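Please study the sequence and the three-dimensional structure shown here before reading further. The explanation then moves from the whole chain to particular side chains.

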Amino acid sequence: VKGVLLSEDYFMRMINQALAVLMTALGFKRAGQISQALQAFDQAIEGLLGINAYLAKQLDDEALLKMLTFQDELDIERLLVLAEIYREEAEVYAWQGQVERSQVMAQSSLRFYLEAALADEGNPDIELVHKIEALRLKLEIHTLPVEIRLALMDHLERLLAAGDDFLEAARLSRSELRGAFALLDSLGMD
């Protein structure tokens, strides 16, 4: 039990440090200090994952998800922070005209948000749903990797199964969700 508590404390410190650096990065981003923002994003990734940011960005989403798994349990809090870092970094790359790099970061962010949402048995957090929907609408669905399309279909199915009250609170249209699901379904899994 003591080892588990120490591990939880260690991970909470990692999360808090990464969040502090992320806030610094967001300040740089708002001030238009792009290179400082990117350095701070890298520092946040390093603090969160415990490895060099360049190395972390060479890993695929599956490897990163495994890194965030401890005793067969995905660390949702760290995953959400990583998703946020990647989403913010994607915006910076888009501003710089680095479209491909921006797309890769945004796709990973979407995957991480989806994994977090799908890990929860109940209705997902509305703020998380909004982040997923914003990325879904921003990214070209047909270019998404199969894993992300499958996770997105699972997410849309859960939203479609939610009650009208939840959808209304989330400002989502059942017909738009059905249309998005049908589009993904029509793409197949190639």
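The paragraphs below describe the overall fold, one helix, and several charged pairs.

The model is a predicted one. The protein contains 10 helices and 2 strands. Followed along the sequence, these elements appear in the order α-α-α-α-β-β-α-α-α-α-α-α. Of the 190 residues in the protein, 43% are buried. The area that the protein exposes is about 10,200 Å², and carbon and sulfur atoms supply 52% of this area.

The contacts show how the chain is brought together. Among contacts in the protein with a separation of 6 or more, 64% are accounted for by residues 24 or more positions apart.

Helix α8 offers a useful example of a single element. This helix comprises 16 residues, from 146 to 161. What span should helix α8 have at 1.5 Å a residue? The expected value is 22 Å, and the end C-alpha atoms are 22 Å apart, so the two agree. The buried residues in α8 are Ile-148, Arg-149, Ala-151, Leu-152, Met-153, His-155, Leu-156 and Leu-159. Against which helices do the buried residues of α8 pack? Their partners are α4 (61–67), α6, α7 (126–138), α9 (164–169) and α10 (174–187).

One of these partners, helix α6, spans residues 99–119 and holds Arg-111. Is Arg-111 buried or exposed? Residues count as buried when their relative accessible area is under 20%. Arg-111 has a relative accessibility of 6%, and therefore it counts as buried. Leaving aside residues up to four places away in sequence, Arg-111 touches Asp-61, Glu-62, Leu-65, Glu-147 and Ile-148. Ile-148 also belongs to the buried residues of α8.

The contact between Arg-111 and Glu-62 deserves closer attention. Side chains of opposite charge can pair when their charged atoms come close. The side chains of Arg-111 and Glu-62 form a salt bridge, with a distance of 2.3 Å from N to O. This pair links distant parts of the chain, since Arg-111 lies in helix α6 and Glu-62 in helix α4, 49 residues apart. Glu-62 has a relative accessible area of 36% and is therefore partly exposed, whereas Arg-111 is buried.

In total, the count of salt bridges comes to 12. Two further examples come from helix α7. An α-helix has 3.6 residues a turn, so residues three or four places apart point the same way. Lys-131 and Glu-127 both lie in helix α7 and are 4 residues apart, about one turn of the helix. Their side chains meet in a salt bridge at 3.3 Å, N to O.

The other example in this helix joins Arg-136 and Glu-133, whose side chains form a salt bridge at 2.5 Å, N to O. Because Arg-136 and Glu-133 are 3 residues apart in helix α7, about one helical turn separates them. Arg-136 is buried, with a relative accessible area of 10%. Glu-133 likewise counts as buried, at 6% relative accessibility.

Salt bridges may also share partners. In this way Glu-84, Arg-87, Glu-88, Glu-91, Glu-127 and Lys-131 are joined into one network. The pair of Lys-131 and Glu-127 in helix α7 thus has both of its residues in that network.

Methods: Residues are numbered from 1 along each chain as its sequence is written. This is a predicted model: local features need pLDDT of at least 70, side-chain atom pairs count only at pLDDT 80 or more; totals for chains, interfaces and linings use all residues. Side-chain values use heavy atoms; hydrogens and water are left out. Buried means under 20% relative accessible area, exposed over 50%, partly exposed in between (1.4 Å probe, protein chains only). Contact means heavy atoms within 4.5 Å. Accessible areas come from the Shrake-Rupley method with a 1.4 Å probe; for residues, only the protein chains shown count as cover. The expected span of a helix is 1.5 Å times one less than its number of residues. A salt bridge is a side-chain nitrogen of Lys or Arg within 4 Å of a carboxyl oxygen of Asp or Glu.
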